[in-house]
Amino acid sequence: MTAFFRGLACPFRGVGFFLRQRTLWPWAAAAFVVHLVLLALFVALFWTYGGDLVEAFNPDGAYGWVRATLRWILTATFALLGLFLCVLLGNLFASPFLDAMTERALTLLGEPLPPPRSLGRIIGRALVNQTLKLLIFGGLQAALLLLLATPAAPVHPFLSGFLSVLFLGYEYLDYPLDARGLSVP
């Protein structure tokens with residue numbers, strides 16, 4: 001049981017380590033700015049073209065209440081898909097900064113540095129890893145959709161949410177694992 005609580009404390013120890021190591025802050029800030037710029041771009045595009053996109057998928061001959069309901073559903077769907085795309089692209093574009101931050105953190109922890117890589121290799125690795133993670137996540141989520149056709153359908157939202165949380169953690173665990181020579185699968 002004590003191992004469980006030590007594991008539960010790891011995120012807090014990691015945040016404490018990060019806050020004490022000011023040399024890591026510029027790399028984290030750069031990755032944050034990349035995500036923020038992409039989010040601002042997405043919000044601007046959605047604000048400008050979102051209404052037209054929703055109307056393109058809304059049927060013309062439907063009742064007013066059907067069109068209004070579809071408008072809300074389509075707006076939420078496109079917003080969530082756009083945010084998902086923002087996170088994927090943000091992680092891809094921020095990967096050089098996150099890799100550099102990981103290397104410095106490993107150095108501060110006394111671990112050997114990974115061999116240096118070129119920017120092209122870092123971006124190529126990020127593309128491959130993001131694609132693999134997305135395929136694995138999508139495949140597992142698609143398999144969970146099969147639960148909806150069984151009497152176990154009520155557990156689908158919980159399992160799907162749990163899988164999403166696991167993959168969110170894995171999204172950023174990929175950097176130190178890659179620095180240690182472990183691939184995505």
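Which residues line the second largest pocket? Let's find out by touring this predicted model, starting with its open spaces and then turning to the helices around them.

**The second largest pocket**

The second largest pocket is lined by Phe84, Val87, Leu88, Gln130, Lys133, Leu134, Phe137, Ser164, Phe167, Leu168, Glu171 and Tyr172. Where do these residues come from? Helix 3, helix 4 (119-145) and helix 5 each give at least two residues to this lining, and helix 5 has the largest share, with 5 residues. Sorted by class, the lining of the second largest pocket holds 8 nonpolar, 2 polar and 2 charged residues.

**The largest pocket**

Now move to the largest pocket, which holds about 960 Å³ of space. It has 24 lining residues, and those closest to its centre are Gly14, Phe17, Ala105, Tyr172 and Pro176. Helix 1 (2-20), helix 2 (25-57), helix 3 and helix 5 each supply at least two residues of this lining. Here helix 1 makes the largest contribution, 8 residues.

Here are the two pockets side by side:

| Pocket | Volume | Lining by class |
|---|---|---|
| Largest pocket | about 960 Å³ | 19 nonpolar, 3 polar, 2 charged residues |
| Second largest pocket | about 320 Å³ | 8 nonpolar, 2 polar, 2 charged residues |

**Where helix 3 meets helix 5**

Helix 3 and helix 5 both contribute to the lining of the largest pocket, and they also supply residues to the second largest pocket. How do these helices cross? The axes of helix 3 (residues 64-108) and helix 5 (residues 156-179) come within 9 Å and cross at roughly 55°. Because of that angle, helix 3 counts as oblique to helix 5. The crossing is right-handed.

If you would like to find this meeting place in the structure, look on helix 3 for Asn91, Ser95, Leu98, Asp99, Thr102 and Leu106, which meet Glu171, Tyr172, Tyr175, Pro176 and Ala179 in helix 5. By class, this contact has 6 nonpolar, 3 polar and 2 charged residues. Tyr172 may look familiar: this residue also belongs to the lining of the second largest pocket, and it is among the residues closest to the centre of the largest pocket.

**Where helix 2 meets helix 3**

Helix 3 has another partner to visit. Helix 2 and helix 3 pack at an angle of about 160°, and their axes are 8 Å apart. An angle over 145 degrees counts as roughly antiparallel, so helix 2 is roughly antiparallel to helix 3. Helix 2 passes helix 3 in a right-handed crossing. The residues of this contact divide into 25 nonpolar, 5 polar and 4 charged.

Terms used. Residues numbered from 1 in each chain as written. Predicted model: local features only at pLDDT ≥ 70, side-chain atom pairs only at ≥ 80, totals over all residues. Heavy atoms only, no water. Axes fitted to C-alpha atoms, helices over the stretch in contact; angles between N-to-C directions. Helix = DSSP H or I, 4+ residues; strand = E, 2+ residues; numbered from the N terminus. Parallel < 35°, antiparallel > 145°, perpendicular 65-115°, else oblique. Left-handed = near helix turned anticlockwise from the far one by under 90°. Contact = heavy atoms within 4.5 Å. Nonpolar A, V, L, I, M, F, W, Y, C, P; charged D, E, K, R; others polar. 1 Å grid on protein atoms, 1.4 Å probe; cavity = no way out; pocket = protein on both sides within 12 Å on 5 of 7 lines; lining within 4 Å. Points joined across faces, edges and corners; volume = space filled by probe spheres on them.
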